[in-house]
Amino acid sequence: MRHARDFAVTVLVLGLLGGAAGVLWSLLAPRPPYVMTKQGPLLADPSTQALIAADGWFAVVTGVLGLVCGAAGYILSRRGRPLAVVLGLAAGGLLGGYLTLVVGQAVNLGARSVTAAGPGMTLIPGPLELTAWGVMCAWPLLAVGLFFALEGVAGYRDSPLRRPFGGQDPYGPLSAYDISGK
C-alpha cells in the first residue's frame with residue numbers, strides 16, 4: 001500500500017509542476033510570425049528560428065525540472081521504497097511534460113511583438129507549438145537518469161568491492177602462517 005501511495009504522490013506532484021512549467025514555457029518561448037491572408041493565417045517564414053526556440057525552451061524548462069525532481073526523489077526515497085518513486089518519476093515526468101505542453105499552448109503569455117510585414121500585410125504572433133516531439137521525453141529521462149546515477153554512486157561508495165581484495169585480507173589471518181618455521 002505504501003508503494004502505491006508513493007507512486008501516486010510522485011505522479012501527482014509532477015503533474016502539478018507540469019502546469020506551472022507550462023506557464024513558464026509560455027512566458028519564455030517566442031511566437032512564430034503569421035501573415036493574415038484571405039485564406040487565413042499562414043506562417044510568414046517557414047524557416048523561422050521561433051519554432052526551434054520554442055522546442056529549445058520546452059527542453060530547458062522540462063529538463064531542469066527533471067533534474068530537480070530526480071534529485072528530490074532520490075533524497076526523499078532513502079526510506080527504502082525507491083522503486084515506487086522511480087516509476088512515479090517516469091510516469092509523472094511524462095504527465096508533467098504533456099501538461100506543460102497543454103498549459104503552455106492554452107495560456108499563451110509570451111512576447112506579442114512581431115516585426116513589421118510591409119504595406120498591406122499584417123503580422124500576428126502565432127500559437128505556441130512543438131515541432132520536435134522528442135523533447136517531451138526530457139523530463140522523465142533526466143529525472144530517472146539522475147536518480148539511477150545517484151543510486152549508483154551511493155551503491156559504489158558502500159560496496160566492499162571498492163576496497164582492495166573486496167575488503168578481505170589476501171594473506172588470511174596471521175595465525176594461519178607459521179612464522180617460526182616449525
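Okay, let's start with one residue: G92 sits in helix α3. Helices here are DSSP runs of H or I with at least four residues, strands are E runs of at least two, and both are numbered from the N terminus. Before I go on, a caveat: this is a predicted model, local features need pLDDT of at least 70, side-chain atom pairs count only at pLDDT 80 or more, and totals for chains, interfaces and linings use all residues. Residues are numbered from 1 along each chain as its sequence is written, and side-chain values use heavy atoms, with hydrogens and water left out.

Back to G92. Is this glycine buried or exposed? G92 has 0% relative accessibility, so it counts as buried. For the cut-offs, buried is under 20% relative accessible area, exposed is over 50%, and partly exposed is in between, with a 1.4 Å probe and protein chains only. Leaving out residues up to four places away in sequence, G92 touches V11 and L14, where contact means heavy atoms within 4.5 Å. L14 is 78 residues from G92 along the chain, yet their C-alpha atoms are 5.1 Å apart.

Now let me zoom out. The protein chain has 4 helices and 3 strands, and from the N terminus the order goes α-β-β-α-α-β-α. Out of 182 residues, 34% count as buried. Take the contacts between residues at least 6 apart in sequence: 81% of those join residues at least 24 apart.

On to the helix pairs. The usual description of two packed helices is the angle between their axes plus the distance between the axes. The axes here are lines fitted to C-alpha atoms, for helices over the stretch in contact, and the angles run from 0 to 180 degrees between N-to-C directions.

First up, α1 against α3. These two pack at about 25 degrees with their axes 6 Å apart, and that makes α1 roughly parallel to α3. The labels work like this: under 35 degrees is roughly parallel, over 145 is roughly antiparallel, 65 to 115 is roughly perpendicular, and the rest is oblique. The α1 and α3 crossing is right-handed; that means the near helix is turned clockwise from the far one by less than a right angle, and anticlockwise would be left-handed. By class, the contact of α1 with α3 has 16 nonpolar, 14 polar and 1 charged residues. The classes put Ala, Val, Leu, Ile, Met, Phe, Trp, Tyr, Cys and Pro in nonpolar, Asp, Glu, Lys and Arg in charged, and the others, Gly among them, in polar.

One residue to click on in α1, residues 2–28, is T10. T10 is at 13% relative accessibility, so that one is buried. Skipping residues up to four places away in sequence, T10 touches V85, G88 and L89.

Next, α3 with α4. How far apart are the axes of α3 and α4? They are 7 Å apart, at an angle of about 155 degrees, and the two helices are therefore roughly antiparallel. α3 passes α4 in a right-handed crossing. The α3 side of the contact is P82, V85, V86, L89, A90, G93, L94, G96, G97 and T100, and α4 brings W139, P140, A143, V144, F147 and F148. In class terms, the contact of α3 with α4 has 12 nonpolar, 4 polar and no charged residues.

While we're in α4, residues 138–158, have a look at A149. A149 comes out at 40% relative accessibility, so it's partly exposed. A149 and A71 are 78 residues apart in sequence and 9.9 Å apart from C-alpha to C-alpha.

Last pair: α2, residues 49–76, and α3, residues 82–107, whose axes come within 11 Å and cross at roughly 155 degrees. That makes α2 roughly antiparallel to α3. In this pair, F58, T62, C69, G70 and G73 of α2 meet V85, L89, G97, T100 and L101 of α3. The residues of that contact divide into 5 nonpolar, 5 polar and no charged. The α2 and α3 crossing is right-handed.

C69 of α2 is where I'd like to finish. At 7% relative accessibility C69 counts as buried, and, not counting residues up to four places away in sequence, C69 touches L14, L17, L89 and W139. C137, on the other hand, is at 34% relative accessibility, so that cysteine is partly exposed. How many disulfides are there? The count comes to 0, with a disulfide taken as a pair of cysteine sulfur atoms within 2.5 Å.
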